[in-house]
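Please load the model in your viewer and keep the sequence panel visible. The tour below proceeds by selection, with a short account of what is found at each stop.

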Amino acid sequence: MATTTNTLLLESTDLFDDSLSISNTSTCYKAGTTTGLDQTTGLTRLYATSVTQFDPFPAVKDATNRVKNGKVYIANLSEDETEFITVSIGDAVIGKLYAGDFLWMPYSPKASLSSDIEITPSVATGMFIEFMAIHDFANIYPDSIDTRVYPDA
Amino acid sequence: MATTTATISLASPDLLTNSLAFSTASTLTQAGNSTGLVTTTGLARTNFTVGGTSPFASKVIYRANDATSNGANKVYLKNLSTTASEYFTIFIDQEEMGRLYAGDWAFFPWSAVDGTEETFTVTVGGTVAAGDSWDFDGITTTSADANLNNFAAAIHAQNFPNWTTSISAPAVTFTARKAYAAGVVTSSTAITGDTITDLSGSDLTMGITSGVVGTRSEADIIVVPSVATTMDLEHMLLYQ
């Protein structure tokens, strides 16, 4: 069993009259247990040079994953404050990550193509994007093309 | 300008054969510039004791009306449960994002793309007499005199539960407080649910001169608990 901890610090000295300081640490567990998540896509650093939407993670094809407790990290590494990436899930836009922004969210994919996470860069001039999933999903990678059966084969 | 920073740290000695440790810090700014976010709902704690049977009743935690559409808004959520099996399912509109189990937190951007608020303009016409009244949205406004503009002003002075008003006497424009198909505006010249009481036969009219049907937001953040018994969610919205 792996132990992966995630910590969020949210701090401000002047957002309120009093200072704000939120600190949370949790461990990435499998759904409903205290057993650690034991798979990861690895931390990917991508240089995106197109505004075409893409899937940062493999399309999840096993509907049993909808009861899993995956975690997703995505960061926009751009230093240009006008550049953003739009993060979507299925048919819904979650939001825009501007330069330096990150997200950390749960991910319980329902089925292939219907709840994929998608990223759309705002510019084609090149942006570094970082992303990672920690999970215990089943069958997340597509079948090898060699095993597919085509109608005209 | 406020300076608010968010920092995430991920660490594991054994997820991979080598240890994993990284940290990312971000200053929360408005969309496309370096001005800090200055508005927030504050840190809230909401209890979910929904009763009934599964599927349990959901709650809208944040409506898209609450923030600027396509702004650099940020949402923080934490499941305060200490029972490992208890979770909140997080939705953006009808799309399920995932499950937030006991102790888990999430921090993500939110575009908050809003729908359209219904709106219509009603113009006080004909003649009005003291005692005439107009009822709408459960609020009855009674004219104090025979002046059309004064009656329009009296309507505008009311606090309607589901509508805000603006005035260009004798016309009063109503705008729904939130984006949804309220069903009140049926066309550009008709609304439902209003009643004129013309006590003295003074020929009072309340003509609708324009109207726009509302559409629902498709970006509200909705949370569903996994159990009917008590669960607490901590949440905060930082927005433009």
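Begin by selecting strand 4 (residues 44-48) of chain A together with strand 10 of chain A: the two run antiparallel and are joined by five bridges. Strands here are DSSP runs of E with at least two residues, helices are runs of H or I with at least four residues, and both are numbered from the N terminus. Two strands are taken to pair if DSSP finds at least two bridges between them. Within this pairing, A:Leu46 stands opposite A:Ile129.

Before going further, please note that this is a predicted model, in which local features need pLDDT of at least 70 and side-chain atom pairs count only at pLDDT 80 or more, while totals for chains, interfaces and linings use all residues. Residues are numbered from 1 along each chain as its sequence is written, and chains are lettered from A and ligands numbered from 1 in the order in which they are written.

**Stop 1: around strand 10 of chain A**

Keep strand 10 (residues 127-135) of chain A selected and colour it by burial. Seven of its nine residues are buried, a residue being buried if 20 or more other C-beta atoms lie within 10 Å of its own, exposed if 12 or fewer, and partly exposed in between, with C-beta atoms placed from the backbone.

Which other strands pair with strand 10 of chain A? Add strand 3 (residues 39-40) of chain A, which is antiparallel to strand 10 and joined to it by two bridges; here A:Gln39 faces A:His135. Then add strand 5 of chain A, which pairs with strand 10 in the antiparallel sense over six bridges. On that side, A:Lys71 has A:Ile134 as its bridge partner.

**Stop 2: the whole of chain A**

Now widen the selection to chain A. It contains zero helices and 10 strands. Along the principal axes, its C-alpha atoms fill a box of roughly 70 × 45 × 25 Å. Of its 153 residues, 39% count as buried. Among the contacts in chain A with a separation of 6 or more, 74% are between residues 24 or more positions apart; two residues are in contact if their C-beta atoms, placed from the backbone, lie within 7 Å.

**Stop 3: where chain A meets chain B**

Select the residues in contact across the two chains: 51 come from chain A and 52 from chain B. On the side of chain A, the elements that give two or more residues include strand 1 (5-12), strand 2 (20-27) and strand 5 (70-76). Strand 1 of chain A provides the largest share, eight residues. By class, this side of chain A has 24 nonpolar, 20 polar and seven charged residues. In that count, Ala, Val, Leu, Ile, Met, Phe, Trp, Tyr, Cys and Pro are nonpolar, Asp, Glu, Lys and Arg are charged, and the others, Gly among them, are polar.

Next, isolate strand 1 of chain A and strand 1 (residues 4-12) of chain B. They run antiparallel and are joined by eight bridges. Label A:Thr7, which stands opposite B:Ser9. For the model, ipTM is 0.91 and pTM is 0.89.

**Stop 4: chain B and its helix 1**

Colour chain B by domain: domain 1 covers 30-113 + 218-239 and domain 2 covers 119-212, with bounds from an automatic or database domain assignment. Their C-alpha centres lie 37 Å apart.

Then select helix 1 (residues 148-156) of chain B. Its buried residues are B:Phe151, B:Ala152 and B:Ile155. They cover an arc of only 100° around the axis, which puts them on the same side of helix 1 of chain B; the arc is that of the directions from the helix axis to the C-beta atoms. These residues pack against several strands of chain B, among them strand 10 (119-126) and strand 13 (163-168).

**Stop 5: backbone details in chain B**

Where are the cis peptide bonds? One joins B:Ser54 and B:Pro55, with omega about 0°; B:Pro55 is in the loop between strand 4 (44-48) and strand 5 (59-62) of chain B. Another joins B:Ala169 and B:Pro170, with omega about 10°, and B:Pro170 is in the loop between strand 13 and strand 14 of chain B.

Finally, select B:Asn70, which has a positive phi of about 60° although it is not a glycine. With 18 C-beta neighbours inside 10 Å, B:Asn70 counts as partly exposed. B:Ala112 has a positive phi of about 55°, and with 27 C-beta neighbours inside 10 Å, B:Ala112 counts as buried.
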